[in-house]
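Please open the model in your viewer and keep the selection panel at hand. The stops below are meant to be followed in order, each with a selection to make and a description of what is there.

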Amino acid sequence: MDGMMECDLILQAQNGNTEAMNRLIIHYYPMVFAFFYRNTNQYHQSKDLTQEVFIKMVVAISKYRPQSKFKSWLFTIASNHLKNYYRSRSRHPEPAELEENIPASFDEAEEIAVRNDIRDALLELPREQKEVIILHYYQEFSFREIAEITGENESTLKARARYGLNKLRSKWGGS
């Protein structure tokens, strides 16, 4: 989606156009879902968190101002929602989620194993390091944009990413 089309959709959504709102949701849904899934490793919980973020987006879209990118604004909502989720989960732990992943071939099994190893290594990182790595390397935000999203200092975020990557490298035996 190019910038002009997105701006037009945002303006239409702010004026109550449900079709424009739906197009924004359809465009950003996979990115927001991936952000939650990479952070929680729980498919159904990630679906719920994603839906909750889009409800918040619909309610708050009239407050969006184009001084920042819409994607950054939306991920600010998602990041804050994730922090709230972790806070509430620490008070009310949930049972682990069961998921079935049956590969169709040996190559697919090998690919799934590598993805699972990466996911497991990411999940072992402290939440702050994991969030920065996911936003930067998976969602392709710059550190400046991540600073806007999280409200953290850019140099702090770079340090968190570096420490997290070093932990991942040491776990995998890389340099």
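Begin by selecting the two helices α2 and α6, whose crossing in this predicted model is right-handed. Helix α2 covers residues 18-40 and helix α6 covers residues 127-138, and the two pack at an angle of about 140°, with their axes 10 Å apart. Because angles over 145 degrees would count as roughly antiparallel, the pair α2 and α6 is described as oblique instead.

Now show the side chains at this crossing. On the α2 side, select Phe-35, Arg-38 and Asn-39, and on the α6 side select Lys-130, Glu-131, Ile-134, Leu-135 and Tyr-138, since these are the residues that make the contact. Colouring them by character gives 4 nonpolar, 1 polar and 3 charged residues in the contact of α2 with α6.

The next stops are salt bridges, of which the count in this model comes to 5; three of them are visited here.

Select Glu-145 and Lys-69, which form a salt bridge with the closest N and O atoms 2.8 Å apart. This pair links distant parts of the chain, as Glu-145 belongs to helix α7 (residues 143-150) while Lys-69 lies in the loop between α3 (43-60) and α4 (70-91), 76 residues apart. Which of the two partners is buried and which is exposed? Glu-145 has a relative accessible area of 8% and is therefore buried, the cut-off being under 20%, whereas Lys-69, with a relative accessible area of 51%, is exposed, the cut-off here being over 50%.

Stay in helix α7 and select Arg-144 together with Glu-148, a salt bridge in which the closest N and O atoms are 3.0 Å apart. These two residues are 4 residues apart in the helix, so they are separated by about one helical turn. With the surface displayed, Glu-148 is partly exposed, at a relative accessible area of 40%, and Arg-144 likewise counts as partly exposed, at 47% relative accessibility.

For the last stop, return to helix α6, residues 127-138, and select Arg-127 and Glu-128, whose side chains meet in a salt bridge at 3.2 Å, N to O. Arg-127 is partly exposed, with a relative accessible area of 28%, and Glu-128, at 32% relative accessibility, also counts as partly exposed.

Conventions:
Residues are numbered from 1 along each chain as its sequence is written. This is a predicted model: local features need pLDDT of at least 70, side-chain atom pairs count only at pLDDT 80 or more; totals for chains, interfaces and linings use all residues. Side-chain values use heavy atoms; hydrogens and water are left out. Axes are lines fitted to C-alpha atoms, for helices over the stretch in contact, and angles run from 0 to 180 degrees between N-to-C directions. Angles under 35 degrees count as roughly parallel, over 145 as roughly antiparallel, 65 to 115 as roughly perpendicular and the rest as oblique. A crossing is left-handed if the near helix is turned anticlockwise from the far one by less than a right angle, and right-handed if clockwise. Contact means heavy atoms within 4.5 Å. Ala, Val, Leu, Ile, Met, Phe, Trp, Tyr, Cys and Pro count as nonpolar, Asp, Glu, Lys and Arg as charged, and the others, Gly among them, as polar. A salt bridge is a side-chain nitrogen of Lys or Arg within 4 Å of a carboxyl oxygen of Asp or Glu. Buried means under 20% relative accessible area, exposed over 50%, partly exposed in between (1.4 Å probe, protein chains only).
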